[in-house]
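Grab a pencil and work through the exercises below one at a time. Try each task yourself before you read the solution under it.

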Amino acid sequence: MEVKRRTARNLVSKLSSVSEQTRTDALCELRLISKHDPDSRPLIADAGAVPYLSETLYGSSPTIQENAAATLLNLSISSRASLMSTRGFLDALSHALSNSPSPTVVQSCAATLHSLLIAEDTYRPIIGSKRDILYTLLSIITDNNAPPRSIKDALKALFGVALYPLNRASLVGLGAVPALVSLIVRDARTGIVEDATAVLAQIAGCEESEEAMRKAGGVRVLGDLLDEGTGASERIRENAVAALLNLARCGGEKGRKEVKEMGAKVMEGITDLKKNGSTKGKTKAAELLKIVVDGYGNQSEVRDFRFNTSSDFMNHSI
């Protein structure tokens, strides 16, 4: 372990070199070590790498930015406190998200945010207060030219933000609902629609979402996903049910009425989920059916929903 500690210190010391090549070589090695050797991640963080890596995100070299962003992502797996306690770290991520010409940098920064948000409840209000970060993540999912990977990583970060109830109103205020509804309508890729509906289900868990959903036609779009003729995946349909359920529980009478009317039109799809969905899906479908049929439902309970994919960044390193 002492050898690894000395190696980490030596490489981190090179990050302050006046030679760009020396810095680049050190970054490449730190990226590889932090990817393949989990034990070295805290050693790299303890050696003071995070401030240098954060500052590097402001640089003009895409290659150097990519190595720095990837190393930060790897460190976020097990050295989250070192990242979040570094002054200017979130500002550096925000800058790279909105200014880097490299999709790889954007993806690593968004994935780092997701890693932090999913692992630690206490980070959610802190990151959620950074409106520039939220705005940039929403800009990514509304960019028709954004790579699919960038969109998926941005959606996962937004999901983590929306896990904190007080962040949901902020997302609504920044236009998250129409952005997500538009993405669901225009993008036929199952993975992206699954992730977008998961985020929408979270955001629906605040009263501010009702008017935004009405203006964006969100209930109609969610209802279409539950129509058995659309061929939506089980996860998409379960997310649609969760979104409608949260909207009925958290919205006002108009929202609840709209959900009931739409639910009556797609009763077969909801009933199918109640019979054949996942354990959680069955429960949500049953609750939604109670609201649709007789207006009964547990309005006090708004559940959080988790991504159920093997690509979660909890164990992702690059």
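**Exercise 1: An annotated stretch**

According to the UniProt annotation "repeat: ARM", from an unreviewed entry, residues 175–218 form an annotated stretch. Keep in mind that you're looking at a predicted model.

Task: Work out how much of residues 175–218 is helix and how much is strand.

Solution: Start with the helix share, which is 77% over residues 175–218. Next comes strand, at 0%. To finish, look at the two ends of the stretch: their C-alpha atoms are 13 Å apart.

**Exercise 2: Two domains and a core**

Task: Find where the largest nonpolar core lies relative to domain 1 and domain 2.

Solution: First, mark the domains: the assignment gives domain 1 as 1–120 and domain 2 as 132–295. Their C-alpha centres lie 34 Å apart, and 13 residues of domain 1 are in contact with 16 residues of domain 2.

Now turn to the core. The largest nonpolar core has 97 residues, and L113 and I141 have the most contacts inside it. Helix α17 (residues 234–250) supplies the largest share of this core, nine residues. Domain 1 and domain 2 both give residues to the core, so it lies between them.

For a closer look, pick I141. Leaving out residues up to four places away in sequence, I141 touches I151, A154, L155, L158, A179, L180, L183 and R186.

**Exercise 3: A pair of helices**

Task: Describe how helix α1 and helix α2 pack.

Solution: A general tip first: two packed helices are described by the angle between their axes and the distance between the axes. Here, α1 (residues 2–14) and α2 (residues 20–36) pack at about 145°, and their axes are 8 Å apart. The crossing of α1 and α2 is left-handed. On the α1 side, the contact is made by T7, L11 and K14. On the α2 side, T22, R23, A26, E29, L30 and I33 take part.

**Exercise 4: Two loop residues**

Task: Decide whether A47 and D37 are buried, partly exposed or exposed.

Solution: Use this cut-off: buried means under 20% relative accessible area, exposed means over 50%, and partly exposed is in between.

- A47 sits in the loop between α3 (40–46) and α4 (49–56). Its relative accessible area is 25%, so A47 is partly exposed.
- D37 sits in the loop between α2 and α3. Its relative accessible area is 18%, so D37 is buried.

What does A47 touch? Not counting residues up to four places away in sequence, A47 touches A8, R9 and V12. A47 and R5 are 42 residues apart along the chain, and their C-alpha atoms are separated by 8.0 Å. For D37 and T86, 49 residues apart in sequence, the C-alpha distance is 23 Å.

**Exercise 5: Inside helix α7**

Task: Say whether L90 is buried or exposed, and list what it touches.

Solution: Begin by placing L90 in helix α7 (residues 89–99). With 9% relative accessibility, L90 counts as buried. Skipping residues up to four places away in sequence, L90 touches M84, L113, I126, I127, K130 and I133.

Then widen the view to α7. Its buried residues are F89, L90, A92, L93, S94, A96 and L97. The cover over them includes α4, α5 (62–75), α6 (80–84), α8 (103–119), α9 (123–128) and α10 (131–142).

Key. Residues are numbered from 1 along each chain as its sequence is written. This is a predicted model: local features need pLDDT of at least 70, side-chain atom pairs count only at pLDDT 80 or more; totals for chains, interfaces and linings use all residues. Side-chain values use heavy atoms; hydrogens and water are left out. UniProt positions are given in the numbering used here, feature names are shortened, and annotations may be inferred rather than shown by experiment. Helices (H or I, at least four residues) and strands (E, at least two) are DSSP runs, numbered from the N terminus. A nonpolar core is a set of buried Ala, Val, Leu, Ile, Met, Phe, Trp, Tyr and Cys residues joined through side-chain atoms within 4.5 Å. Buried means under 20% relative accessible area, exposed over 50%, partly exposed in between (1.4 Å probe, protein chains only). Domain bounds come from an automatic or database domain assignment. Contact means heavy atoms within 4.5 Å. Axes are lines fitted to C-alpha atoms, for helices over the stretch in contact, and angles run from 0 to 180 degrees between N-to-C directions. A crossing is left-handed if the near helix is turned anticlockwise from the far one by less than a right angle, and right-handed if clockwise.
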